[in-house]
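This report concerns a single protein chain and its fold. The sequence and the coordinates are shown first, and the description comes after them.

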Amino acid sequence: TGDAELGGIYVFSEFQGKGIAKEIVKHLLEYRSKYRNLYCLPFRNLKAFYMPFGFTEITKCDAPNIPNEIREKLAWCNNNDRYAETAVLLSM
């Protein structure tokens with residue numbers, strides 16, 4: 001009915017490369033139909049991971065249909081070198 005965000009996912013290094021993150025995202029997307037829009041704010045280097053699931057990048061983050069909470073979180077993530085990587089806004 002409303003909007004939702006697919007939050008950060010981290011797989012410990014000893015379990016990486018085994019398809020675990022992919023299975024987690026696939027499982028979470030089973031609930032996609034409950035939401036009008038699903039947003040994701042991954043680091044830029046992870047964008048390619050999310051694209052095959054149907055996410056697309058939103059480059060105009062000031063679009064009026066993007067919830068303020070999502071816009072503010074993106075700004076927070078990219079504020080003052082908070083993280084080494086830049087976060088991007090994806091939607092489906």
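The following paragraphs treat the overall fold, the sheet, the nonpolar cores and two residues of the first strand.

**Overall fold**

The model is a predicted one. Its secondary structure amounts to 3 helices and 4 strands, and from the N terminus the elements follow the pattern β-α-β-α-β-α-β. The radius of gyration is 13 Å, close to the 12 Å that the globule rule gives for 92 residues, so the protein is as compact as a globular protein of that length. Along the principal axes, the C-alpha atoms occupy a box of roughly 40 × 35 × 15 Å. Of the 92 residues, 27% are buried. The exposed surface of the protein is about 6,300 Å², and carbon and sulfur atoms supply 53% of it. When contacts between residues at least 6 apart in sequence are considered, 71% of them link residues at least 24 apart.

**The sheet**

The 4 strands form an open sheet in the order S1-S2-S4-S3, and the pairing is mixed. Strands S1 and S3 (56-57) lie at the edges, each pairing on one side only. Strand S1 covers residues 3-6, and strand S2 covers residues 37-40. These two strands pair in the parallel sense over 4 bridges. Between S1 and S2 the chain passes through helix H1 (residues 20-29), and the resulting β-α-β crossover is right-handed. Within the pair, Ala4 stands opposite Leu38 of S2, while Leu6 has Cys40 of S2 as its bridge partner. The two faces of S1 differ in cover: Ala4 and Leu6 make up the covered face, whereas Asp3 and Glu5 are on the uncovered one.

**Nonpolar cores**

The largest nonpolar core has 12 residues in all: Ala4, Leu6, Val25, Leu29, Leu38, Cys40, Tyr50, Phe53, Phe55, Val88, Leu90 and Met92. The elements S1, H1 and S2 each give two or more residues to this core. Val25, a member of the core, is in contact with Leu6, Ile9, Phe49, Tyr50 and Phe53, its neighbours within four places in sequence being left aside. Another core, apart from this one, holds 9 residues, including Tyr39, Leu41, Ile70 and Leu89.

**Two residues of strand S1**

Ala4 and Asp3 both have their place in strand S1. The table sets out the computed accessibility of each.

| Residue | Relative accessibility | Class |
|---|---|---|
| Ala4 | 16% | buried |
| Asp3 | 29% | partly exposed |

Because its relative accessibility of 16% is under the 20% limit, Ala4 counts as buried. Asp3, at 29%, counts as partly exposed because its value lies between the limits of 20% and 50%.

Residues up to four places away in sequence are not counted in the contacts that follow. Ala4 touches Tyr35, Asn37, Leu38 and Tyr39. Asp3 touches Tyr35, Arg36, Asn37, Tyr39 and Pro67. Asp3 and Tyr39 are 36 residues apart along the chain, with their C-alpha atoms separated by 7.7 Å. For Ala4 and Leu74, which are 70 residues apart along the chain, the C-alpha separation is 14 Å.

Methods
Residues are numbered from 1 along each chain as its sequence is written. This is a predicted model: local features need pLDDT of at least 70, side-chain atom pairs count only at pLDDT 80 or more; totals for chains, interfaces and linings use all residues. Side-chain values use heavy atoms; hydrogens and water are left out. Buried means under 20% relative accessible area, exposed over 50%, partly exposed in between (1.4 Å probe, protein chains only). Two strands pair if DSSP finds at least two bridges between them. A crossover is right-handed if, with the strands pointing away from the viewer, the path from the first strand over the helix to the second runs clockwise. The radius of gyration is taken over C-alpha atoms; the globule rule is 2.2 Å times the number of residues to the power 0.38. Contact means heavy atoms within 4.5 Å. Accessible areas come from the Shrake-Rupley method with a 1.4 Å probe; for residues, only the protein chains shown count as cover. A nonpolar core is a set of buried Ala, Val, Leu, Ile, Met, Phe, Trp, Tyr and Cys residues joined through side-chain atoms within 4.5 Å.
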